[in-house]
Amino acid sequence: MRKDDLLKLMEEIKYRFKNVELLEKAMVHSSYANEKHLDGSNERLEFLGDSIVGLVVAEELFKRYSLPEGELSKAKATLVSEKMLSKLARRIGLGNYLKLGKGEEKSGGRDKDSILADAFEALMGAIYLDGGIENVRRIMEYLLKDEYDKVMKKEILRDFKTELQEKTQRMFKVLPEYVLIDRMGPSHASTFIVEVRIMGKVMGRAKGSSKKEAEKEAAKMALKALEKELNDGAD
């Protein structure tokens, strides 16, 4: 990679590498390494970066939101998903700096979600090795600063039970029925299993660390099931 490109990428991520070889390695896709018979690609850095990104996001969610484990886990899954990480990669123009094999280049590899997300994880792994986890935290906070609240509002704060109630009243003139199927484990760490039924038909079954959480998840499943039935009926 040219020196100008290295400097530009470091400017994009607001971090200057002490060991630029780590940055260069993070940009080497396996297709390029295989084609050029290089000793390794960015896959090892990707492996490391995957865990580092997960830790940083989990820690930030824990600090920001006083929510049950299940809801934090859902938010984390969205924030570290391929879709989100590829979005962050595009934000810093990461695709422009990748080293790809000829076949991958021709097939549009520079804009593939999977390749971009993997390269982003490799980049975070490289930053961790070069400058420690504090620099990864700072960069992730900068890149994700607007995404945390968006994700929480979209998934966590969405009232699935109210949505389902309104939908069943509109479609069938009935209310959904929530049935506690089982409660497992000790009283201080119970798992609740709940079914939601519409006109006697089970439309969702879910578990949670509280009855309320299980009902919310069951309602979410029921909404998806109803949507699928409507789509299938329209075909």
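How many residues lie between β2 and β3 in their hairpin, and which residue in the turn has a positive phi? I am working from a predicted model. I find two residues between the strands, and M199 in the turn has a positive phi of about 55 degrees.

**Entry 1: the sheet**

I looked up the strand order next. Three strands form an open sheet, ordered β1-β2-β3, with antiparallel pairing. β1 covers 177–184 and β3 covers 201–208; each stands at an edge with a single partner strand, so one side of each has no neighbour in the sheet. Ignoring direction, I get an average turn of 20 degrees between neighbouring strands.

I then went through the pairing on both sides of β2. Strand β2 is residues 191–198, and seven bridges join it to β3. On that side I noted two pairs. F192 stands opposite G208 in β3. V194 has A206 in β3 as its bridge partner.

β1 is joined to β2 by seven bridges, also in an antiparallel run. Here I noted E177, which stands opposite R197 in β2. These two strands form a hairpin with six residues between them, and G185 in that turn has a positive phi of about 90 degrees.

Is β2 mostly covered or mostly open? I count it as mostly covered, as six of its eight residues are buried. Helix α11, residues 160–172, lies across β1 and β2 and runs at about 20 degrees to β2.

**Entry 2: α8 against α9**

I described this pair in the usual way. Two packed helices are described by the angle between their axes and by the distance between the axes. For α8 (residues 113–131) and α9 (residues 133–144), the axes come within 7 Å and cross at roughly 140 degrees. That makes α8 oblique to α9, because only angles over 145 count as roughly antiparallel.

Which residues of α8 meet α9? I list F120, M124, I127, Y128 and G131 on the α8 side. Their counterparts in α9 are I133, N135, V136, I139, M140 and L143. The contact residues divide into nine nonpolar, two polar and no charged.

**Entry 3: the nonpolar cores**

I went on to the largest nonpolar core, which has 47 residues. F17, F120 and L123 touch the most other members. F120 is also one of the α8 residues that meet α9.

I checked which helices contribute. Those supplying at least two residues each are α1 (3–13), α2 (20–26), α4 (43–64), α5 (69–79), α6 (82–91), α8, α9 and α10 (147–156). Which of them gives the largest share? It is α8, with 10 residues.

Another core, of 11 residues, lies apart from this one. Among its members I noted F160, A219, A222 and L226.

I then looked up L123 on its own. Leaving aside neighbours within four places in sequence, L123 is in contact with I13, F17, L23, A26, M27, I92 and L94. F17 is thus both a contact of L123 and one of the core residues that touch the most other members.

**Entry 4: two lysines of α12**

Helix α12 is residues 211–234, and K228 is found in it. Is K228 buried or exposed? At 52% relative accessibility, K228 counts as exposed, because the cut-off is over 50%. The C-alpha atoms of K228 and E163 are separated by 16 Å, with their places 65 residues apart along the chain.

K212 also has its place in helix α12. Its relative accessibility is 67%, so K212 counts as exposed. I looked up its separation from K161, 51 residues apart along the chain, and got 9.8 Å between the C-alpha atoms.

**Entry 5: positive phi outside glycine**

I made a short search for residues with unusual backbone angles. Most residues other than glycine have a negative phi.

H37 is not a glycine, yet it has a positive phi of about 55 degrees. H37 lies in the loop between α3 (30–36) and α4. At 72% relative accessibility, H37 counts as exposed.

K173 is not a glycine either, and its phi is positive at about 60 degrees. Where does K173 lie? I place K173 in the loop between α11 and β1. At 69% relative accessibility, K173 counts as exposed.

Note on methods: Residues numbered from 1 in each chain as written. Predicted model: local features only at pLDDT ≥ 70, side-chain atom pairs only at ≥ 80, totals over all residues. Heavy atoms only, no water. Axes fitted to C-alpha atoms, helices over the stretch in contact; angles between N-to-C directions. Helix = DSSP H or I, 4+ residues; strand = E, 2+ residues; numbered from the N terminus. Parallel < 35°, antiparallel > 145°, perpendicular 65-115°, else oblique. Contact = heavy atoms within 4.5 Å. Nonpolar A, V, L, I, M, F, W, Y, C, P; charged D, E, K, R; others polar. Core = buried A, V, L, I, M, F, W, Y, C linked by side-chain atoms within 4.5 Å. Buried < 20%, exposed > 50% of the residue type's maximum accessible area, 1.4 Å probe, protein only. Pairing = 2+ DSSP bridges.
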